[in-house]
Amino acid sequence: MTGSARVRLLGGIGTIGGTKLLVETGSARLCFDFGVAYAPGARPFDERLKPRPAALLRDLMYWHLAPPVEGIYPPALAEPAGLVPAGSPGQDPWTVFITHLHLDHMGLTRLLDPSVKLLASEESVRLARGLRAAGEPVEGPELQPVPLSSPVRVGDVEVVPLRVDHDVVGACAYAIGTQDGWVVYSGDLRLHGTHPEWTEAFVQAAAALKPVALFLEGTRLPEERPTNSVPESEIAERVLTIAKAHGGMALVNFYPRNVERIQALGAHAALSGRKFVLQPEVYAQLQAMHEPMDHFLQYRRAGQDGGDVDAQEVRKDPGAYLVHLPYRQITELVDLDPPADSVYMLCNGEPLGIYDPAYPNLMRWLESFGVEGVRTGTSGHAAPEALDAIATGIAPRVLFPIHSHRPDLMQPPGLRIQLPVFGETYRLADLG
Ligand SMILES: [Zn+2]
């Protein structure tokens, strides 16, 4: 039936991320998020084994790493995969909305045809500018900003981006209005961040729409209740307390996209009389984002020009610094040569956990230098109890748990729950 709105999920089922939520009507084709499921240690491709360039999409689709969508890919990718390319007769253009700039939500945008409209919040676009400066650009069609809370019209569909709190700047959820009612897609969100009021306002705004369907992330569902979530507001202080308790170097690893946390670390470092030394990529990212730079110095790696502080200077007076040291730059330990009683704080940067093959390798490096490793971060995702509050607060007619290894554990009282099936079409009119 033309005009009746349909939703389909091509990813985000039984996986953390990789969600692609498709909403189609007679006059509009929209896709929400276009990322890669987060699965280090369980990837079919690695440094030695790559998908075939001439059959890239076919190889990715075999492993459900890219979604089989007609009319969204350029001919060179679509045709070898047996898909109709973008711009073919009868193919209406796609509009892709991104909730936030984590790879599990946008890591595949590089595959999109240049004619696809790619939209995200203004803050996400600001972050994209920073990532470009850091040498890690958002590839694919140019990301265009949509203002928060104001509706964007695509054909007969109205999309409202609603800000939420997550561990990345610019995160939003989307409310999608169709002739057959509203669909709400949470993206990733939490209630223990620095801005719980953003997530709470999202819940209220979504509830007011009386949505037919809610697609809600459930990353932390397997955790045991009662769940402990360290508030984001405590992280920076904890890091500096740990630094103070160690007489050697204080090294820290974090997500470069969590700009709010970087600023908090800088402010707390300054309060403790330390200078926060950032790797050049992150320093360039923050500069390109026009962030205040008062609390930051730039690390100078061997053979590099510019920068404020090098390994020898840190070595001379370790107590004067907090040094950013991501996994990718762990080789700097050779130059830093940390003295006794040094500490490395894993503050949610990569590698995230033992399931990532990089994790044991990081531990091997730290052990070799006698550096103590400490994990001190907090999740970007809502605890199971918070998910219950969000779901019951929004009270959709049907709740679809997604973005979780255990979606079956999402069981807020009083709600009709449907575990989504990959590729299945749900007509909104049938869900009422
Ligand atoms: Zn995610």
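**Backbone quirks, sheets and packing**

User: How many C-beta neighbours does asparagine 348 have inside 10 Å, and is it buried, exposed or partly exposed?

Analyst: In this predicted model, asparagine 348 has 18 C-beta neighbours inside 10 Å. The buried class starts at 20 and the exposed class stops at 12, so asparagine 348 counts as partly exposed.

User: What is phi of asparagine 348 near, and which loop holds this residue?

Analyst: Most residues other than glycine have a negative phi. Asparagine 348 isn't a glycine, yet its phi is positive, near 80 degrees. As for the place, asparagine 348 lies in the loop between strand 17 and helix 11.

User: Which proline in the loop between strand 17 and helix 11 is joined to glutamate 350 by a cis peptide bond?

Analyst: Most peptide bonds are trans. Here, though, omega is about 0 degrees for the bond from glutamate 350. Strand 17 covers 343-347 and helix 11 covers 358-368, and the loop between them holds the residue in question. The cis bond joins glutamate 350 to proline 351.

User: There's a cis bond between arginine 225 and proline 226, so to speak: what is its omega?

Analyst: Proline 226 lies in the loop between strand 11 and helix 6 (232-244). The peptide bond that joins arginine 225 and proline 226 is cis, with omega at about -5 degrees.

User: Lysine 210 has a positive phi too; is lysine 210 buried or exposed?

Analyst: Lysine 210 is not a glycine, but its phi is about 45 degrees. This lysine 210 lies in the loop between helix 5 and strand 11. A residue with 12 or fewer neighbours is exposed. Lysine 210 has 12 C-beta neighbours inside 10 Å, so it counts as exposed.

User: In what order do the strands of the open seven-stranded sheet run, and which strands are at the edges?

Analyst: The sheet is open, its pairing is mixed, and the order is 6-5-4-3-2-1-20. An edge strand pairs on one side only, and that holds for strand 6 (143-146) and strand 20 (425-427).

User: By how many degrees are neighbouring strands of that sheet turned against each other on average?

Analyst: The seven strands, in the order 6-5-4-3-2-1-20, form an open sheet. Ignoring direction, the average turn between neighbouring strands is 25 degrees.

User: Within strand 1 and strand 2, which residue stands opposite valine 7?

Analyst: Strand 1 (residues 6-9) and strand 2 (residues 21-24) run antiparallel and are joined by four bridges. Valine 7 has its opposite number in strand 2, namely valine 23.

User: Which helix packs on this sheet by touching strand 5 and strand 6?

Analyst: The helix in question spans residues 122-133, and its direction makes about 105 degrees with that of strand 5 (117-121). The one touching both strand 5 and strand 6 is helix 4.

User: Why do the buried residues of helix 12 end up on the same side?

Analyst: The buried residues of helix 12 (residues 384-394) are Pro384, Leu387, Ile390, Ala391 and Ile394. They share one side of helix 12 because, around the axis, they cover an arc of only 115 degrees.

User: How do helix 5 and helix 12 cross, and is that roughly parallel or roughly antiparallel?

Analyst: Their axes come within 8 Å and cross at roughly 30 degrees. Val203, Ala206 and Ala207 of helix 5 make the contact with Ile390, Gly393 and Ile394 of helix 12. An angle under 35 degrees falls in one named class, so helix 5 and helix 12 are roughly parallel.

User: Which strand gives the most residues to the largest nonpolar core?

Analyst: That core has 89 residues, and Tyr174, Val183 and Ala213 have the most contacts inside it. Alanine 213, for one, is in contact with residues including Val7, Phe400 and Leu431. Five residues of the core come from the top contributor, strand 9.

User: Which residue of strand 16 is the bridge partner of lysine 275?

Analyst: Strand 13 (residues 275-278) and strand 16 run parallel, joined by three bridges. From strand 16, Tyr321 and Val323 point one way, Leu322 and His324 point the other, and all are buried. Lysine 275 has as its bridge partner tyrosine 321.

Note on methods
Residues numbered from 1 in each chain as written. Predicted model: local features only at pLDDT ≥ 70, side-chain atom pairs only at ≥ 80, totals over all residues. Pairing = 2+ DSSP bridges. Helix = DSSP H or I, 4+ residues; strand = E, 2+ residues; numbered from the N terminus. Axes fitted to C-alpha atoms, helices over the stretch in contact; angles between N-to-C directions. Contact = placed C-beta atoms within 7 Å. Arc of directions from axis to C-beta. Core = buried A, V, L, I, M, F, W, Y, C linked by C-beta atoms within 7 Å. Parallel < 35°, antiparallel > 145°, perpendicular 65-115°, else oblique. Lists of a residue's contacts leave out its neighbours within four places in sequence.
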